[in-house]
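Student: I've got this model open, but I keep tripping over the words people use for it. Could we go through how those labels are earned?

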Amino acid sequence: MPAKLSDRLSASRRRRFVGRTAEQTLFESALAALGKAEQSVQIVYVFGPGGVGKTTLLNEFTGVCEEARIPAIFIDARNIEPAADSFLEALGLALGSPPSGSPLSLIAERATPHVILIDTYEILAPLDNWLRETFLPQLPENVLMVMAGREPPSPAWRADPGWQSLVRIIPLRNLSPDESRAYLAKQNIPPEQHQAVLNFTHGHPLALSLVADVFAQRPEALPSFQPESAPDIVKTLLERLVQKLPGPAHRAALEACALVRLTTESLLAEMLGVPDANELFEWLRGLSFVEFAPLGLFPHDLAREALVADVRWRNPDWYAEQHRRARNYYNRRIQQSTGYDQQRHLFDLIFLHRDNSMVRPFLEWQASGSAPTSAGEGEISSLVEIVAQHEGAESARLAERWFKSQPRNVLVFRDSNGRPDGLLGMVALHQAGPDELAADPATDAAWRHLQKHAPLRPGEAALYFRFWMARETYQAVSPVQSLIFVTAVRYYLTTPGLVFTFFPNADPDFWQPMFSYADVNRILEVDFEVGGRRYGVYGHNWRAMPSSSWLALMAEREIGLAPQSAPATPASDSVVVLSEPGFAAAVQDALRDYTRSDVLQSNPLLQSRLVIERAGVSTGRKERAAILQGLLKKTAETLQNSPRESKFYRALHHTYLQPAPTQEQAAELLDLPFSTFRRHLKSGVERVIELLWQQELQGLS
């Protein structure tokens, strides 16, 4: 049998893998102990910021499993819904379990060690309790779980004495200088460039891989990297990559990939206006910062932000044209699909509005879960309880009446256990009787408004999104709320004869920017009161502005904000996650330059968590340097509290804080032999590094 492309990709990635020795050692020892009496590790939890190499490390773990002939199951949480059924289905599919079978039973029956690796674990946050309390305890002891995400494990993992002894937590940081050099050597970067690249990237894995991409495009044009460019590592590297691309078609393909949620070959062909985009699609797939999922390609989020900001600022006309082509593609797909596929394309369409500052705060952009389902006969009471919890008994009584009167218009959004996590209870006003409408202050006011301003004709419809809420967060911004809005848009576009829609809000002022953007306007005469609580109502007249015109308006507003004078830099780009050796070297440099504020402004610690948390990302480098000086001084002074360490402080004080002209003179001031002075100074520097490193890891309390 010929080798699979996936095998070649895996082998190529492993050849380029460097470093992470401690992480590999921990994983290999846990692997070797699987199913044995001395086994103490059941879960390895890796966390770190975007671009630090979590996925790369999990791929390496998978390769280690293959060499050890231990089955490894890799699940990327971006490809599944955060629901128990979806997780078990993905696990069963990877195991080759029949659709009706249980993956847990299959693992137990095989009686051989297994490793389950979950990437992008932060997306499964709604499943965290279920995984910890239900799923994981059912696993055999010979199964090792590896989870990787951006956030550290929830406090519940650390609070449980049982899990404390079974979980090993790995905070992943930048590569060390030696590891970075090894990576650059494997990428054939000239050795004379290594130090400059390290000064620029500080060992950030994504930045290092982008350097390699720049070099791979045009080796002769590798730029000279300057440390003063460090605050915008990813953005600057992407700009250089774009400048060195093989041709304009490649630039256009890269920009198209950044603008849309997921890139498929057919979408790319439409956005580029070419009959066949296979070559460009495969080129995108080979870039280090572009990942692929079952439904398409997507760039790393840091890369996406930088690329979109650049093209919008540099070429707003092309930015608008790319949006138009993607929008046309999605509109066709929405008309041609139903159910989950239709909802997915709607979310793709709405994603195009992501760069608009009027929309961004009001949607959770990960909210791409399954389509809602109609409420079951036995669920009405639980849905009414959710309404009662947030709106009171009188509102719950009205909800129960409508839910029973129009049960097909009650949609349920479900959590990981299949229970209602949110609801959308619509009222088809055109299907309700006069007594039903009059019994609810909301529908009574809406019907009167319709009779006065837009009376319905036979075959026409009016929808009232009467009850909408998440079980826990009510009408606040949340994944459930975002899916409710996507579902509402679906009804806007697909309801035959739709004339009017109404949307009530418990906090109408909060939602005003979002609804106004969507041309859903406040109708004061339709506001109503239930249970002593006032609700504001927004509405849209689809007869006055039909869906085709509305989509055209949304297209204008999608890109309608004036272009920025310069590309925006994501806040996360401003934080450098130094490795421990890199951090230690930066502290030593900072101590040496303590009295030279101008030089201190180029120290990478100014972009570390240590300083950023105290200064903020928008603070200038001069202010950050002053904050770093204060941290160094304060940390060194804490050594005076210990009789054993106070001598270390004196050596630091006369060398760095208020330095003598030479170290020899500093030793004389302290009446110490020079060798003893040097020993005290070395111990003092090491102690300051240790104290600051703990602050870097733990953050502000």
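Tutor: Sure, let's take a few labels in turn, keeping in mind that this is a predicted model.

Student: Why is H17 called roughly antiparallel to H18?

Tutor: Helix H17 (residues 316-336) and helix H18 (residues 339-351) pack at an angle of about 160 degrees. Angles over 145 count as roughly antiparallel, so H17 is roughly antiparallel to H18. Their axes are 9 Å apart, and the crossing is left-handed.

Student: Which residues make that contact?

Tutor: From H17, Arg327, Tyr330, Asn331, Arg333 and Ile334; from H18, Gln342, His345, Leu346, Asp348 and Leu349. By class, they divide into four nonpolar, three polar and three charged.

Student: What makes S2 and S5 the edge strands?

Tutor: Each of them pairs on one side only. The open sheet has five strands in the order S2-S3-S4-S1-S5, with parallel pairing. From one strand to the next, the twist averages 15 degrees.

Student: How do you know that S1 and S5 pair?

Tutor: Two strands need at least two bridges to pair, and five bridges join S1 (residues 43-47) to S5. Val44 stands opposite Arg168 in S5.

Student: What makes Gly92 part of the contact between H4 and H5?

Tutor: The cut-off is heavy atoms within 4.5 Å, and Gly92 of H4 is listed in that contact with Leu88, Leu91 and Leu95. On the H5 side are Pro103, Leu106, Ile107 and Arg110. By class, that contact has six nonpolar, one polar and one charged residues.

Key: Residues numbered from 1 in each chain as written. Predicted model: local features only at pLDDT ≥ 70, side-chain atom pairs only at ≥ 80, totals over all residues. Heavy atoms only, no water. Helix = DSSP H or I, 4+ residues; strand = E, 2+ residues; numbered from the N terminus. Nonpolar A, V, L, I, M, F, W, Y, C, P; charged D, E, K, R; others polar. Axes fitted to C-alpha atoms, helices over the stretch in contact; angles between N-to-C directions. Parallel < 35°, antiparallel > 145°, perpendicular 65-115°, else oblique. Left-handed = near helix turned anticlockwise from the far one by under 90°.
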